[in-house]
Amino acid sequence: MIPAAARGTTTVSARAVARIAQQAATETPNAVGTVRGTATVRGQRAEVSVRLGLPWPADLGRRAGEVQRHVASRTGELTGLSVRVARLRVVRLQRPTGGTVVFEKTTAPAAQGRRVPRRWWSARATPVVVAALLGAAAAGLLTADMASVHLFGNAPAAWRTGLVDRLADTSPAAGSVTVAAAALAVAGLWLLLLACTPGLRKRYVVAGFGAGRSIALDRAAVASVVRDRVLDTDGVDSVRVRVGRRRVRVRADLAFGDRAAAREQAGAAAREALADCRLNRPLRVGLRLRTTSTWDPTPPAPEPASAGGTAGRTAGGTAGGTAGEAAGGPAGEAEHKESP
């Protein structure tokens, strides 16, 4: 029998792990809409990231935690890899199509271990790839030309000899040298800035989940929550929400009702919506309420609830109109028109 050490190894690709994590997320009742997964495999360890939507209104922390635990355990069970806590990115909050959902006021799990960061860190893949490709292209051209000269006895390429001659004749104080040096310095400082600052600024970390940075809300999801809450204010006709890094700007149009009272209610609704999102970095609310062209400062009068009063008024109006018509003549017609 072949020893276990000589039987070879089974390698699970990152794409397969991502598909398994995606399927595991869809198995939970909390995931709504399209679910997408990505994964990185390093030996026997895997890091999983899942994009999904969550039902709203609901306890985001509890529901996201349930999806996290299920995705990590299920992916590890099916792949045999050690999967750390899944990284969730909530891209959409969806209201139920029917029925009533009650928002559960529960306490988010306490953070454990290190300090919770304010936002996710980005891998900065694009700047690294661009810099690596430019450097590899330049080094590849130079290596190919030198190999052609030393191995096959060919003449140096015209671009290399021309570049050497131009550099030999150019003074270090020339304007082109200064411009090139400044451009390289700016590019180097930009790469250092990207390496030392967190990215993914359109995602907000949900508080109470430790230093794993495993749950985050997109700006679009936060904007949809604030928009829905402000639209519930009496008299508000339309709402536009723009979520920035530190501030949420709300623009609302008021169709009827008291402007001061509506402004107070809309501001409270926006702040309550942000509190329900439980963001690790609180956002300030900037509210601008303007009236529409058809704005009525008084709220619409409620419809009469008494059928008897309606019947009496209908009967009285009918009788009055009948009497006016019976009177005839210009006077009777004038009285009938002015009575409303």
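A nonpolar core is a set of buried Ala, Val, Leu, Ile, Met, Phe, Trp, Tyr and Cys residues joined through side-chain atoms within 4.5 Å. Buried means under 20% relative accessible area, exposed over 50%, and partly exposed in between, with a 1.4 Å probe and protein chains only. The largest such core here has 53 residues. Val50, Val71 and Val226 have the most contacts inside this core.

The structure is a predicted model, in which local features need pLDDT of at least 70 and side-chain atom pairs count only at pLDDT 80 or more, while totals for chains, interfaces and linings use all residues. Residues are numbered from 1 along each chain as its sequence is written, and side-chain values use heavy atoms, with hydrogens and water left out.

The protein has nine helices and nine strands. Helices (H or I, at least four residues) and strands (E, at least two) are DSSP runs, numbered from the N terminus. Buried residues make up 32% of the 340 residues. The exposed surface is about 21,400 Å², and carbon and sulfur atoms supply 58% of it. These areas come from the Shrake-Rupley method with a 1.4 Å probe; for residues, only the protein chains shown count as cover. Contact means heavy atoms within 4.5 Å. Among contacts between residues at least 6 apart in sequence, 68% join residues at least 24 apart.

Confidence varies along the chain. pLDDT is the predictor's confidence in each residue, from 0 to 100. The protein averages 76, and 74% of the residues score at least 70. Among the elements, strand E8 (residues 247-256) has the highest mean pLDDT, 92, and helix H9 (residues 329-338) the lowest, 36. Over residues 97-114 the pLDDT is below 50; this stretch has 24 contacts in the model beyond near neighbours in sequence. Residues 306-340 also have pLDDT below 50, with four contacts in the model beyond near neighbours in sequence. Where pLDDT is low, the predicted coordinates should not be read in detail.

Strand E2 (45-55) pairs with several other strands. Two strands pair if DSSP finds at least two bridges between them. Eight bridges join E2 to strand E1 (residues 32-42), and these two run antiparallel. Val32 stands opposite Gly53 in this pairing. The E1-E2 hairpin has two residues between the strands, and Gly43 takes a positive phi near 70 degrees there. E2 runs parallel to E3, with two bridges; Ala46 has Val83 of E3 as its bridge partner. E2 also runs parallel to E4, with seven bridges. Here Leu54 is partnered by Leu93 of E4. Arg42 is found in strand E1 and counts as exposed, at 53% relative accessibility. The C-alpha atoms of Arg42 and Ala14 are separated by 9.2 Å, although the two residues are 28 apart along the chain.

Val50 links this region to the core. Leaving aside neighbours within four places in sequence, Val50 is in contact with Ala21, Ala25, Val35, Arg36, Gly37, Val71, Arg87, Leu88 and Arg89. Ala21 is placed in helix H1 and is buried, with a relative accessible area of 0%. Not counting residues up to four places away, Ala21 touches Val48, Val50, Val71 and Thr75. The C-alpha atoms of Ala21 and Leu78, 57 residues apart along the chain, are separated by 9.6 Å.

Helix H2 covers residues 60-79. The expected span of a helix is 1.5 Å times one less than its number of residues. For the 20 residues of H2 this gives 28 Å, and the end C-alpha atoms are 28 Å apart, which agrees. Buried residues of H2 include Leu60, Val67, Val71, Ala72 and Thr75. Their cover includes helix H1, strands E2, E3, E4 and E6, and helix H7. Gly80 follows H2 and has a positive phi, near 80 degrees.

Asp218 lies in strand E6. This residue is buried, with a relative accessible area of 10%. Beyond neighbours within four places in sequence, Asp218 is in contact with Arg89, Val90, Val91, Lys202 and Arg203. Helix H6 spans residues 219-231. Its 13 residues should span 18 Å, and its end C-alpha atoms are 18 Å apart, which agrees. Among the buried residues of H6 are Arg219, Val222, Val226, Arg229 and Val230. The cover over the buried residues of H6 includes E4, E5, E6, E7, E8 and H7.
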